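Here are my notes on the model, set out as numbered points. Please read them with the structure open.

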Amino acid sequence: MERNWHTIETWMKLYGDRLVRALTIMTGNEEEAQDIAQEVFLKAYHTLENFRHKSSPYTYLYVIALNMVRTRKRSHSKKPAAVQLQENEYPSPYPSPESHVIQHEEHTRMMRAVRNLSPKLRTIVSLFYISEIPIQEIGKILGISEGTVKSRLFRARNQLKQFVVQEEHHGTNR
Amino acid sequence: MEPIDNRIQEILNTSVEHITFNRQDIVLQKISESDTKPSSKRFYQIIKPLVAVAAAVMVISSISLGSISIVLPHGTIQPEEQIIVTSGVSFAALQHLVQ
């Protein structure tokens, strides 16, 4: 038990931030991401004996998180629609100086672009860009073929590319 | 990774870099709480399934023994009665069949 306690404490330090960021991308809501990450670490503690070291601890945590997101989505779909996500849900990571305001706007717009993606594409984005998991492993995690991963990534990339191109166009006009 | 991927990744990462996992203490506290459950609670957690299994075994045994005790006074057991005994028909049903 003592050993498990230290393992989870170490995992939280090593992977906590990355996991909650990936979950924020996946769910579009930071508070929900924190809730899920908390439950993920608790579940990981109680099921640590099942971890066979065949994958990285982060992948193990991500799989638990993915199942939790799916379960929540199923239970939420039975309830009335939740509160609509607000634009300012992503607080500014920067202090007030003007030079950062433009950058903050860019990030807010990027998060809006991510929220406009379908849940499947958001999951791919969180796995590929935030968690930096290779395509082959993403396929294993999601239980889909490598080709499907590539096709979803292609669609997500295309939608986000439009945002990046627009941003760069804005940048040259400023 | 294509160049566009690097750009997307860069913007995404800077968009979420301010987000940090802030529930470590809550997780550790909940783990401690779950590990220090009262021993009586744990005792009941272990003993409950054992009692359930023991009760099930007793019920099944009494049905089987009851069936045998009804059938045996006949002397010889007919083939159809053997089927009844081994299939674990309830005592009341068996009594009805024998009468």
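1. In which helix of chain A does A:Q38 lie? The answer is helix 2, which covers residues 30-46. Please bear in mind throughout that this is a predicted model.

2. On the overall fold: the secondary structure of chain A consists of 7 helices and 0 strands. Read along the sequence, the pattern is α-α-α-α-α-α-α. Chain A has 174 residues, and 44% of them count as buried. Among contacts in chain A with a separation of 6 or more, 68% are between residues 24 or more positions apart. The area that chain A exposes is about 9700 Å², and carbon and sulfur atoms supply 51% of that area.

3. Back to A:Q38. This residue has a relative accessible area of 7%, and it counts as buried because the cut-off for that term is under 20%. Once neighbours within four places in sequence are set aside, A:Q38 is in contact with B:F21, B:R23, B:I26, B:V27 and B:K30.

4. One of those contacts, B:R23, also takes part in a salt bridge. Its side chain meets that of A:D35, with 2.8 Å from N to O. The pair crosses between chains: B:R23 sits in the loop between helix 1 (3-16) and helix 2 (24-35) of chain B, while A:D35 belongs to helix 2 of chain A. B:R23 is buried at 9% relative accessibility, whereas A:D35 is partly exposed at 28%. A:E31 should be considered here too, since A:E31, A:D35 and B:R23 are linked in a network of salt bridges.

5. A further salt bridge is formed by A:R157 and B:D5, whose closest N and O atoms are 2.7 Å apart. A:R157 lies in helix 7 of chain A and B:D5 in helix 1 of chain B, so this pair joins two chains. The relative accessible area of A:R157 is 11%, which makes the residue buried. B:D5 is likewise buried, with a value of 1%.

6. Within chain A, there is a salt bridge between A:R72 and A:E32, with the closest N and O atoms 3.7 Å apart. A:R72 is in helix 3 and A:E32 in helix 2, so the pair ties together parts that lie 40 residues apart in sequence. A:R72 is partly exposed, at 25% relative accessible area. Over all chains, the structure holds 6 salt bridges.

7. For a buried nonpolar position, look at A:V149 in helix 7 (residues 146-173) of chain A. Its relative accessibility is 1%, which counts as buried. Apart from neighbours within four places in sequence, A:V149 is in contact with A:I124, A:I135, A:I138, A:G139 and A:I144. A:I124 is 25 residues away from A:V149 in sequence, yet the two C-alpha atoms are 7.4 Å apart in space.

8. Finally, the surface charge. Which residues gather in a patch of positive charge? They are A:R70, A:K73, A:R74, A:K120 and A:R155. Helix 3 (residues 57-78) of chain A provides the largest share of this patch, 3 residues. A:R70 is placed in that helix and is partly exposed, with a relative accessible area of 37%. A:R70 can be counted in the patch because its value of 37% passes the cut-off of over 30% for patch residues.

Key: Residues are numbered from 1 along each chain as its sequence is written. Chains are lettered from A and ligands numbered from 1 in the order in which they are written. This is a predicted model: local features need pLDDT of at least 70, side-chain atom pairs count only at pLDDT 80 or more; totals for chains, interfaces and linings use all residues. Side-chain values use heavy atoms; hydrogens and water are left out. Patches are made of residues with over 30% relative accessible area and no salt bridge: like charges are joined within 9 Å, nonpolar side chains (Val, Leu, Ile, Met, Phe, Trp, Tyr) within 5 Å. Accessible areas come from the Shrake-Rupley method with a 1.4 Å probe; for residues, only the protein chains shown count as cover. A salt bridge is a side-chain nitrogen of Lys or Arg within 4 Å of a carboxyl oxygen of Asp or Glu. Lys and Arg count as positive and Asp and Glu as negative; His and the chain ends are not counted. The place of a charge is taken as NZ of Lys, CZ of Arg, CG of Asp or CD of Glu. Helices (H or I, at least four residues) and strands (E, at least two) are DSSP runs, numbered from the N terminus. Buried means under 20% relative accessible area, exposed over 50%, partly exposed in between (1.4 Å probe, protein chains only). Contact means heavy atoms within 4.5 Å.
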